[in-house]
Structures are given as structure tokens and as C-alpha cells.
Amino acid sequence: MPIPFLDLKAQHASHRAEILASIGDVVDRCAFAGGPYVEKFEQEFAAFCRTGHAIGVANGTDALWFALLALGVGRGDEVITAPNSFIATAEAISFCGATPVFVDIDEHTYTLDPARLEGAITRRTKAIIPVHLYGQMADMDPIMAVAARHGLWVIEDACQAHGAEYRGRRAGSIGHLGCFSFYPGKNLGAWGEAGAVVTQDLHLAEKVRILRDHGQETKYHHSVIGWNGRMDGIQAAVLQVKLRDLDRGNAARRENALIYRGLLADVAGVRLEPPADHGTSVYHLLVVRVAGRDRVLEGMGRREIACGVHYPTPIHLQPAYAHLGLGPGSFPIAERSAREVLSLPMFPELTAGQIALVAKELAAVVAAPRLVEALGV
Ligand SMILES: *Cc1c(COP(=O)(O)O)cnc(C)c1O
């Protein structure tokens, strides 16, 4: 039996009727753009993140962009982030007119290494965006300490970390602002596109609220130049139902990760980094390091086990960011990770039997003599 990377159908089976009924309500009330369902979801998501405020937006990239704009980040400013994120983190910085400045990562957590932060700060630095990659939070205490020392803002890119915790605090609640994506494949996924910004700061919340709605404070009174980045009412209705199930889903992911950990512990050539002692991952992805990653990826594909790579090329080596002039060797830890990382199937409904099969096939593929290469076919 093939094993999918992610099985959204299995996830929807349990609450499909409830979600469809909820969508029906939105249709009956014609509350399509913004409106009561978005407001309700915002309240519930803020409570989930343990923040005072949540603002629903169109997607995670908008969330990051509006967060930066709310802080006044603009032309000439620098924003520090990690080079091994999804490109949206850097795009949001660029779309403010600012420049992304990358800092290499910690090799065990795959997140921004706080020890390297201070070396990247200049007179132009305005903010830091740690990325809680694969579901695990960055080491926030030292990051917040450096930010406080230098008067910098911190935006958490929590697009892969809904419900993750750092010393008992939830993703999004530690920095000045936190950004989430509800892209369908995320731990909390819409039936389309959506995102949110969370914050404890009423003033920043108001700024984001205005920015996502054409800079409108009241109808047709535009105090700043904003954008159309509102959350869709139907997505809010879907998310409201799915949010109730998120803690359970995250717990199931953690259990699956534990099973993987046990099975892969003694497999030569496969390394699963130990969990950080500073918090609880929500395992958006289950990432291992393997030598000859592309060969292993291909071998798993042949055995019908869907794997992924997050991400094969660090942002500073993307053609889109060639103008930064950062060649290979600029961030060796992130670059080595990009060559080694392999994401295995991970979702709440994955069964212990499926995990055992993935682990068995992975061990076989990694151990297989490199016949194909040796023969040159
Ligand atoms: C998904 C993701 C984003 C972007 O979210 P979209 O909703 O796709 O715009 C940003 N940062 C990270 C780390 C992500 O994983």
C-alpha cells in the first residue's frame, strides 16, 4: 500500500459534515469577506495562542508582510531571519522595501542560532524573524534578550508551529507579533488560503487590522495606504471547526514522532535530531538527515512512500536573491541541512503500522548498495 506524505481526506472524514454545515451558515448569512465568522475565529485563535489579539488575513505571507508594515519596517531597513525557511519569510521583508539579512541556524533545531545574532546586527537592523521550522520553536529567550538589548522588534514566523510551546508559552505569544498560515497542509489548514497575525499589543493589533483592509479605520476613510488582505468568511468557518481538533491532532503527531524515534534510533545512516529541551514540537514535519538524500528520496518514491524536502535550496542561493551576493559557503550549517534533510510522511491519522513500514523501507533504501550509481545507469 502506498503511503501518502499527508492525508487530508482522512483528516476531513471525521468532521466533514460539521464543516459543511458551518459553511452553509456563512452562505445563508452571505458573510463572505471578513464579518462575524472571521471575528469569532479571531477570538478563538487568540485564546488558543494565549495572546490578547488575533487578526485574520488572506494567507501567511500577508501575515508576515502586515506584521512588518505595522512595525514601520521599510526602505533601507534590515530584518534578520534564517536562510532555511520557506521563501515567504524573505519575500515579506523584501515587499516592505527592506533587506533580509540571514543568520545561520543551530544544527540540532534547524532554527536561527541566537549565538550568531549579534554579529549580524547593524545600524539599519529593525527586526528579527525567527522561524519555528518543522513545528519546533526557535530558542526564544536569548533571541528576545538580544532584541531588547538592541531595541529590535521580534516577529515569530509560526506558520509551521500552531500550538507549539517554548517553556510553557505558545508559538506567537512571545515576540511582538506572531504570524500563522492556514494553507491546507499546515497543522491547522483551511479549505483554501488563510492566515493570521497574533499579538499581545492592542496598538499593533489595530495597525494590522487597518492594513489588511485598505487602511480603512471606518468605511471609506483611509488613514494609511493598506491592502486587501482580509480573511475569507468561509475559511473562518472551516477553521473554527478544525481549531477544536488541533490539540488532539498535534498530540497524535507527537505520538507518531515518538514511534518514528524508537524505530529509527538504531538505523545506521539515518539521523533524527533530538527534540529541543526548551519546548514541545508540534511536528509539522518529521525530518531526518540522510547521506545521499536525493538517492534516498528517489528510492522511497519507487517504494511508493511519499517523502519531501524542506527545503532543497536555502533562500540566499535562490536566483530571486542572487542580488544579495551571498554565494555557497555563506551559511554552511543551513547549506548542509539543505543537502541532507528528508521529510517522512507525518500527519495525525498516520498509523503505527504505516510508520513501521516507512522506517523499514527507509532502512532498506539507505543500506542498499549503490548499484545504480556504480553501474552508471
Ligand atoms: C507556509 C509558510 C509561510 C507562508 O504561508 P502562506 O499561507 O503559504 O502564504 C511562511 N513561512 C513559513 C515558514 C511557512 O511554512
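**Cysteines and a three-stranded sheet**

C96 counts as buried, at 11% relative accessibility. That figure, like the rest here, comes from a predicted model. Being tucked away does not give C96 a bonding partner: the closest cysteine sulfur, in C179, sits 11 Å from the sulfur of C96, too far for a bond.

C159 is buried as well, with a relative accessible area of 8%. For C159, too, the closest cysteine sulfur belongs to C179, this time at 6.5 Å, and that is again too far for a bond. The cut-off behind both verdicts is simple: a disulfide needs a pair of cysteine sulfur atoms within 2.5 Å. Searching the whole structure turns up 0 disulfides.

Now for the sheet. Strands of a sheet pair through backbone hydrogen bonds, either parallel or antiparallel. Here, 3 strands make up an open sheet in the order β12-β14-β15, and the pairing is antiparallel. The edges are taken by β12 (270-271) and β15 (341-344); each has a single partner strand, so one side of each has no neighbour in the sheet.

A closer look at one pairing helps to fill in the picture. Strand β14, residues 286-290, runs antiparallel to β15, and 4 bridges join the two. Within this pairing, R289 is found opposite V341 in β15. The sheet also has a helix packed on it: α10, made of residues 293-302, touches both β14 and β15. The direction of α10 makes about 20° with that of β15.

Methods: Residues are numbered from 1 along each chain as its sequence is written. This is a predicted model: local features need pLDDT of at least 70, side-chain atom pairs count only at pLDDT 80 or more; totals for chains, interfaces and linings use all residues. Side-chain values use heavy atoms; hydrogens and water are left out. Two strands pair if DSSP finds at least two bridges between them. Contact means heavy atoms within 4.5 Å. Axes are lines fitted to C-alpha atoms, for helices over the stretch in contact, and angles run from 0 to 180 degrees between N-to-C directions. Buried means under 20% relative accessible area, exposed over 50%, partly exposed in between (1.4 Å probe, protein chains only).
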